[in-house]
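Me: I should be grateful for a close look at a single part of this structure. Please explain each term as it arises.

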Amino acid sequence: MQRPTVVAGIISPTRSVPSHISRPEYAYSGVPAPYKLSCIKKTAEQIERMRKAGGLAREVLDTVLAAVHPGVSTDELDCLAHQHILALGAYPSPLNYMGFPKSICTSVNEVVVHGIPDNRRLMEGDIINCDVTVYAHGMHGDCSETVFVGEVDDEAKRLVQVTWECLLRAIDEVCPGNKLNAIGLVIETHARQNGFSIVREFTGHGIGENFHMEPYVAHFYESKNAMLIKEGMTFTIEPMLNAGSAECVVWPDKWTAVTADLARSAQFEHTLLVTADGVEILTGGREPWFLR
Ligand code: MF3
Ligand code: CO
Ligand code: CO
C-alpha cells in the first residue's frame, strides 16, 4: 500500500505567552543573540539550572508522546505542549525562534526535522518525531523522540530502533578527553551497517543560555573536528537517519525539511552534560516510548 506524502497543512493562530513568563532574548524579535565562546564550559550554578530546564523538557515530551494516537492533529500536540510548558512557568523555546511559528516541532514520516504542527491528523502506521525545547531558569533543555502511531511496518520499526541505538552509542563516547568527532564516527558506522543514511545538514549543538551555540556536533565522521570534549560542556546529540538517501529538501515554509526521495526519517535527541568521568543525560528518563 502506498503511503500518502505529508503536505503543508493549516497552521493555527499564534499561541500567547503570559507576561509573567520569562522569555529568551529572541522571543519578540525572532533574532537569537550571539554567544560568547567563554560560555562553552558551564559553572556549577549554570549546571544546576540546566538540570532543571532539562527535567522540564523531559516532562513535557512525555506528556506529548503519551497523546500520540491515530486521529490526533499535530496542532493538538502543540497546544498540549504549549499549555504544559506555561503551567511549568517556562517558555516554549521554538516559539518565534528565527520566526518559527509554533511551540514544538512535529516531524512525520519523510519529514526529517522542524516540521510545523498543523491540522494534519496522525494516521495508523505513521512515525512521528516530537521535539520539545523549553526555556526555564534562564536555560534551554532540548530533547526529542520518534514514536509509532498505532501499528507500523517492519522497516519503520528497524529505522526507529537503529536510530535510538545510534544515540545510545554516541552518548557512550561522551567523556572528557575524547574527541567530538568520535560521536559522529559511531553514529555513521552503525547507521551504514544497517543500511540507513545519516543526515548531514543538521547537527547537535551546544546549549545553555543560548538555544544553539558552540560546539556543533556532526552526526557523521568529520576528521577535522578533533576538538576535545571537556568537563562542564553541555550539548545535544540528535542523529537523523533516513531509510533512503541522506539528501534533504526544505519546503517553501523555510522550515520543514523532508527527505529528497520521500523515504522515512527518524530522530532522537538528548541534552547532555560532560561530567568528570563521563556524561549525565539532562533530559534522560526511562526507556524510550517506542520500547514501552
Ligand atoms: N529543537 C530543535 C533542535 O533540536 C530546534 C528547533 S528550532 C525551531 O535543535 F525553531 F524549529 F524550533
Ligand atoms: Co537540538
Ligand atoms: Co530539539
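Reply: The following account concerns the site of one metal ion. The model is predicted, so local features need pLDDT of at least 70 and side-chain atom pairs count only at pLDDT 80 or more, while totals for chains, interfaces and linings use all residues. Residues are numbered from 1 along each chain as its sequence is written, chains are lettered from A and ligands numbered from 1 in the order in which they are written, and side-chain values use heavy atoms, with hydrogens and water left out.

The cobalt ion (ligand 2) has as protein donors Asp142 (OD), His205 (NE2), Glu238 (OE) and Glu269 (OE), at 2.0 to 2.3 Å. Donors are N, O and S atoms within 2.8 Å of the metal (3.2 Å for Na, K and Ca); because water is not among the atoms, sites may look incomplete. Asp142 also serves as a bridge from the cobalt ion (ligand 2) to the cobalt ion (ligand 3), the two ions being 3.3 Å apart. Along the chain, the donors of the cobalt ion (ligand 2) show the spacing D-x62-H-x32-E-x30-E.

His205 belongs to strand β7 (residues 204-206), whereas Glu238 is in the loop between β9 (234-237) and β10 (240-242); the pair therefore ties together parts that are 33 residues apart in sequence. Strands here are DSSP runs (E, at least two residues), numbered from the N terminus. Both His205 and Glu238 are buried, a term that means under 20% relative accessible area (1.4 Å probe, protein chains only).

Key
Helices (H or I, at least four residues) and strands (E, at least two) are DSSP runs, numbered from the N terminus. Buried means under 20% relative accessible area, exposed over 50%, partly exposed in between (1.4 Å probe, protein chains only).
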